[in-house]
Structures are given as structure tokens and as C-alpha cells.
Amino acid sequence: MKRKIFSNMVYIAFVAVMMTTILLSFIMYYRYMDQIKTGIKDEAAYMATSLNLHDKQDLDAYKNLTVSRITWVDSNGKVIYDSSGQENEMTNHRNRKEVKEAMKSGSGEDTRVSKTLNKQTYYYAIKLRDGTVLRLSRETQTIMRQIESILPILFLIMGVVLILAVILSRILTGRIVEPINKIDLIHPKKNETYSELKPLLNRIEQQNVDIEKQIEEIKEAENMRKEFSANVSHELKTPLTTISGYAELMKDGLVKPEDMKRFSGTIYTEARRLIAMIEDIIKLSRLDENQVELEKKDIDLYDLVFQIKADLRKKAEEDNISVHIRGVHTMVYGVYRILYEMFFNMCENAIKYNKKGGEVVVTIASMNDCPIVVVEDTGIGIPKEDLDRIFERFYRVDKSHSNQKEGSGLGLSIVKHGAKYHHAEMEVESELGKGTKITIEFPKQDI
Ligand code: ADP
């Protein structure tokens with residue numbers, strides 16, 4: 001860039017000098033010709049009025065006072081006098097342009113380049129009272145000669161200007177480039193530099209922020225993964241310890257026959273819990289890696305919740321919980337499997353953490369074109385301090401509070417991931433002992 005600015009500056013200086021010289025040459029040439037023309041015209045006018053032209057000697061005397069060539073032509077075009085003294089050898093001048101014009105209209109002029117000498121001459125002719133014509137002429141420089149004559153000066157000026165241009169360009173290029181070299185790309189907005197660079201710097205700043213955010217997200221995901229693996233091992237170990245402990249007692253014949261049912265029942269429940277947990281883990285890791293079959297389609301949330309209600313009927317009946325669905329058919333563009341898991345977990349929790357004979361109400365509606373699903377229960381509620389954490393993996397509200405309900409602590413994590421996958425917002429409201437309300441709001445659908 002520095003080199004480019006520099007070479008451009010030198011180039012501009014070069015072209016400027018050339019153009020100025022050529023234009024000046026033209027101007028000077030035309031002014032010089034003008035001066036010569038007026039000089040000769042004045043001279044001719046003066047001679048015509050002040051001389052007794054019938055006397056050739058007068059002309060001879062005048063010849064020594066001027067550098068102009070004097071020619072005198074009679075009314076027929078014959079040369080009567082020429083200051084070169086060769087009037088007798090000269091041809092008839094009647095047809096010379098300036099003479100012809102002078103005879104016709106009183107005065108005439110012409111500029112000719114002599115072919116033999118390659119010299120340019122300016123002629124001015126004036127008609128005298130007696131019908132004869134007086135002509136004055138002078139050699140002039142051609143424009144090319146004029147330019148040629150100033151070529152040495154031109155080269156000298158060009159040399160000087162180019163040296164100056166090189167020096168100035170170096171200094172200027174340095175000054176132009178310096179603020180760019182000084183730009184701090186880590187803090188792009190703090191730079192005081194050219195306004196033309198502001199959009200670029202803003203863009204870099206934005207990208208810096210984006211990159212930082214991405215790094216943070218990657219770190220966070222990495223931490224979560226580590227924490228998750230640690231939690232998984234811990235969570236799997238608890239039911240397995242119970243199972244192996246109970247099984248050992250049974251194997252060694254230490255369990256009374258009447259306790260047999262209770263012991264094997266516990267083993268069964270713990271094993272079921274393990275299976276449920278592993279299923280949840282598999283679902284979560286699929287969601288994490290975006291491995292779910294990504295086939296998106298228009299899904300009727302009302303029909304979906306209706307299906308879930310049917311699938312949970314047995315569970316609801318066990319605790320004598322009534323489940324109601326309200327609202328209208330509302331469409332969402334999404335993945336059926338994920339949406340099913342989300343609302344299944346929410347409804348299952350609403351039944352699981354309810355009181356006997358309680359109620360669950362699921363509302364499906366559309367608010368400003370945004371589909372929403374609200375799952376409300378009349379259950380045990382969630383303590384305020386736990387509200388922020390229930391969506392974490394394996395997080396379960398104090399076991400005594402949940403009344404030792406079975407669960408992996410992964411259900412709401414799946415809800416959270418599923419909502420994120422569908423760009424939906426989540427909101428939880430809960431009052432201890434009264435109930436919980438979880439709202440999922442989808443973005444505007446263009447259906
Ligand atoms: P879990 O498998 O234990 O149900 P979740 O991730 O689904 O795990 O929920 C996390 C915790 O949040 C639960 O253990 C429970 O204590 C609490 N919770 C979830 N839903 C409700 C609800 N509707 N009412 C009261 N507590 C709830």
C-alpha cells in the first residue's frame with residue numbers, strides 16, 4: 001500500500017509537470033505570435049502613412065531599421081521592390097493569399113511554412129492609396145520549435161519536481177500509512193483513525209465480540225460436559241449400589257421370605273429408574289449433538305398434548321389427578337419427537353409433583369401469532385431458591401420435598417434443550433404448596 005501511494009504520487013507529479021509544460025508552451029506560442037502580428041501590422045500601417053512610397057530609396061533606408069522583410073507589389077502583382085534586393089527574379093505575387101486579400105479588402109495576412117527551409121513566415125499586406133500593395137513579413141518559430149527550445153528547461157524542471165515529489169511522497173505516504181499501522185485490532189473502537197475505516201473497525205470489533213462469545217460458549221459447554229460425566233457416574237452408581245446390596249442379601253439367604261417381595265420390588269424400581277435415566281441421557285446427548293432426525297413439519301400442538309394426556313392416563317389415575325386440555329388447534333413448525341418429549345416431561349412432572357386428587361391444566365393458544373403452551377398444576381410447588389436450577393441436569397429439589405418421587409433430574413433439561421432447539425422461550429412461576437405454571441412460547445410461525 002505504501003509503495004502504491006508513493007508510486008501514484010510520483011506519477012501524478014510527473015503527469016502534472018508534463019501537462020503544465022505543454023499547455024504553457026501553447027499559451028506562450030500564441031502570445032508570441034500575437035505580439036509579432038501586432039508588431040508587423042503597426043509597422044506596416046506606420047510605413048503606409050508616413051512614407052513616400054514612390055521613392056524606393058525611402059524603403060531602402062527603412063530596411064535597415066527593421067528585421068521585417070519589405071516587399072512592394074504593384075496593382076498587377078508585379079514585385080516592384082523587395083528588401084532582399086532580388087525583386088527582378090521574383091514571380092508575380094498576385095495570387096499570394098495576403099496580397100490577394102489586401103487588393104480586395106484593404107489588408108490581408110497569412111502564415112506559411114516554407115517547404116524548402118522548414119521555416120514559418122508571417123506575412124501582412126496592406127493596400128496603398130494608389131492601388132499598390134505593401135507587404136511585410138517575418139520568420140517566426142513553429143510551435144514544435146518553440147517546444148523544442150524549451151525542452152532542456154522542461155527536463156530540468158521535471159528533474160527538480162520529481163526529486164521534490166519523491167521526497168514529499170515519502171513524507172506524505174508515511175503520514176497516511178502511520179495511523180493505519182498504529183491500529184489496535186484488539187480494541188478496534190478505541191482507535192482515532194480515518195472515518196473511512198470506521199465501518200471496517202466496527203466489523204472487526206463485532207467479530208471480536210462474537211469470537212469471545214463463541215469461546216465462552218465452547219468453554220461453558222466443555223465444563224458442562226465434564227460436570228455431566230461426573231454426575232452421570234454418580235447418579236448411576238446410587239441405584240446400582242442399592243440393587244447390588246439388596247441382591248447380595250437375597251443371594252446369601254439373609255432375607256426373610258415375607259420381606260422378599262419388598263426387596264425384589266425395590267430392585268425392580270431401582271432398575272426401572274436406571275433404565276429411565278439412561279434413556280434420558282441418550283435423548284439429551286442426541287439433542288446436544290443435534291443428532292435427532294431433523295425432519296421438521298407442521299405439528300398441531302393441541303393434538304400432540306391430547307396424545308400425551310392419553311399416554312399419561314394410567315399415571316394420572318394412580319394418583320387420582322384430573323388432566324384438562326384447553327385452547328385451540330395451534331400449529332408449530334418443528335420436530336415431533338422433541339416436542340413430544342418436552343410436553344410429556346412437563347405434564348409428567350405436573351402429575352408426579354401434584355397432590356392426591358389434584359388437577360393439571362394444559363392450555364394451547366396463540367398470542368400475537370406466537371404459539372404458547374402452558375402447563376399448570378395444583379401441586380407441591382417449587383421453592384423460590386430452586387426455581388433457577390431445576391432446568392440443570394440432574395438437579396432435583398430436595399428429596400424430602402419431592403416426597404422421594406422417582407426421577408432422573410433430567411426431564412426439565414430435555415425441556416430446556418428442546419425449547420432452545422425450537423427457539424422457544426420458557427417461563428416458570430411457582431408457589432410452594434399451591435402449584436406450578438410453566439409456559440413455553442414459540443416464535444412467530446409463518447404458516
Ligand atoms: P425429575 O426427573 O426429578 O422430575 P426434572 O428435571 O423433570 O427431573 O425436574 C427437576 C426437579 O424440579 C424435580 O426433581 C422436582 O423437584 C422439580 N419439579 C419439576 N416440575 C415440578 C412441578 N410441576 N412441581 C413441583 N416441582 C417440580
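The following paragraphs go through the domains of this predicted model, one domain interface and a group of salt bridges.

Residues are numbered from 1 along each chain as its sequence is written, and side-chain values use heavy atoms, with hydrogens and water left out. Because the model is predicted, local features need pLDDT of at least 70 and side-chain atom pairs count only at pLDDT 80 or more, whereas totals for chains, interfaces and linings use all residues.

The protein chain is divided into domain 1 (2-149), domain 2 (184-290) and domain 3 (292-447), with bounds that come from an automatic or database domain assignment. Between domain 2 and domain 3 the C-alpha centres lie 21 Å apart, and 16 residues of domain 2 are in contact with 16 residues of domain 3, contact meaning heavy atoms within 4.5 Å. These two domains bury about 1,600 Å² between them, 68% of it on carbon and sulfur atoms; buried area is the accessible area (1.4 Å probe) that two parts lose on being put together, summed over both. On the side of domain 2 that touches domain 3, α5 (198-251) and α6 (260-288) each supply at least two residues, and α6 gives the most, with 10 residues; helices (H or I, at least four residues) and strands (E, at least two) are DSSP runs numbered from the N terminus. The count of salt bridges between domain 2 and domain 3 is 0, a salt bridge being a side-chain nitrogen of Lys or Arg within 4 Å of a carboxyl oxygen of Asp or Glu.

The structure as a whole holds 18 salt bridges. In one of them the side chains of lysine 97 and aspartate 110 meet at 3.9 Å, N to O; lysine 97 lies in helix α3 (residues 97-105) and aspartate 110 in strand β3 (residues 107-114), so this pair ties together parts that are 13 residues apart in sequence. Lysine 97 is partly exposed at 42% relative accessibility, whereas aspartate 110 is buried at 14%, where buried means under 20% relative accessible area, exposed over 50% and partly exposed in between (1.4 Å probe, protein chains only).

Helix α3 also carries glutamate 98, whose side chain meets that of arginine 135 in a salt bridge (2.7 Å, N to O). Since arginine 135 lies in strand β5 (residues 133-140), the pair ties together parts that are 37 residues apart in sequence, and both glutamate 98 and arginine 135 are buried. Lys97, Glu98, Glu101, Asp110, Arg112 and Arg135 are linked in a network of salt bridges.
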